[in-house]
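Thanks for coming. I will go through one protein chain, starting with how far the model can be trusted and then moving to the sheets and the core.

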Amino acid sequence: MKKGDKILFVIVIAVLLIASIGTYAYKLAFKDKDKIAVIKENGKVVKTINLSKLKGTEKFDIKSGDHFNTIVVENNKISIIDADCPDKVCIKTGWISDAGQSIVCLPNKVIVSIEGEKTMSKTPSDIDGASY
Ligand SMILES: [Zn+2]
């Protein structure tokens, strides 16, 4: 092995190490952040649930005028299991469990999203209403 190769080798190892430590720290930092499910009806927040602290299963209805969406929450995940909307897209979406994911029920104007504490502040406040 030439001297130049050795230096390159050391650099590569160092970069790999830093990258893996970075990824680890990043994951660790995010693990500590609670996942908050935010349920919006017609652009207004009607319910927030800390999914990270949830134990067992909870089921409830979000009523929007004459319409409803039945939502089930479990530890770190949330799903719409029933709704009276015509397309049932929200039910087909299934479970979501990561910050940044969302379930949208356009006919009922219900949006369920998961926000980590970090992503919460980054979410643009004008995201609601703009799509209606
Ligand atoms: Zn729906």
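What pLDDT does the protein chain average? The average is 86, and 84% of the residues score at least 70; pLDDT is the predictor's confidence in each residue, from 0 to 100. This is a predicted model, in which local features need pLDDT of at least 70 and side-chain atom pairs count only at pLDDT 80 or more, while totals for chains, interfaces and linings use all residues. Residues are numbered from 1 along each chain as its sequence is written.

Confidence varies along the protein chain: β5 has the highest mean, 98, and helix α3, residues 117-122, has the lowest, 49. Over residues 119-132 pLDDT stays under 50, and there the model has 8 contacts beyond four places in sequence. A contact here is two residues whose C-beta atoms, placed from the backbone, lie within 7 Å.

Now the elements. The protein chain has 3 helices and 7 strands, and from the N terminus on they run α-β-β-β-β-β-α-β-β-α. These are DSSP runs, numbered from the N terminus: helices are H or I with at least four residues, strands are E with at least two. Of the contacts between residues at least 6 apart in sequence, 34% join residues at least 24 apart.

Next, the sheets. Two strands count as paired if DSSP finds at least two bridges between them. In general, strands of a sheet pair through backbone hydrogen bonds, either parallel or antiparallel.

One sheet is open and has 4 strands in the order β2-β1-β7-β6, with antiparallel pairing. β2 (44-50) and β6 are its edge strands, each pairing on one side only. On average, neighbouring strands in this sheet are turned by 20° against each other, direction ignored; the axes behind that angle are lines fitted to C-alpha atoms, for helices over the stretch in contact, and angles run from 0 to 180 degrees between N-to-C directions.

Taking that sheet pair by pair, β1 and β2 are joined by 6 bridges, with Glu41 opposite Lys44 in β2. They form a hairpin with 2 residues between the strands, and Asn42 in the turn has a positive phi of about 55°. β1 and β7 pair over 7 bridges, antiparallel; Ile39 has Val112 as its bridge partner in β7, and Lys40 stands opposite Ile111. β6 and β7 pair over 4 bridges. Ser102 is partnered with Ser113 in β7, and Ile103 stands opposite Val112. The hairpin of β6 and β7 has 4 residues between the strands, and Lys109 takes a positive phi near 55° there.

The other sheet to mention is open too, with 3 strands in the order β3-β4-β5 and antiparallel pairing. β3 (58-64) and β5 stand at the edges with a single partner strand each, so one side of each has no neighbour in the sheet. Neighbouring strands here are turned by 30° against each other on average, direction ignored. β4 and β5 run antiparallel and are joined by 6 bridges, one place to look being Glu74, whose bridge partner in β5 is Lys77.

How much of the protein chain is buried? Buried residues are 19% of the 132. Buried means 20 or more other C-beta atoms within 10 Å of the residue's own, exposed means 12 or fewer, and partly exposed is in between, with C-beta atoms placed from the backbone. In β7, 6 of the 7 residues are buried, so β7 is largely enclosed by the rest of the structure. The same wording applies to β1: 5 of its 7 residues are buried, so β1 is largely enclosed as well.

That leads to the core. A nonpolar core is a set of buried Ala, Val, Leu, Ile, Met, Phe, Trp, Tyr and Cys residues joined through C-beta atoms within 7 Å. The largest one has 17 residues, of which Ala37, Ile71, Ile78, Ile80 and Val112 touch the most other members. At least two residues each come from β1 (35-41), β4 (67-74), β5 (77-83), β6 (102-105) and β7 (110-116). β7 gives the largest share, 4 residues.

To finish, take Ile80. Which residues is Ile80 in contact with, leaving aside its neighbours within four places in sequence? They are Asn69, Thr70, Ile71, Cys90, Ile91, Ile103, Cys105 and Val112.
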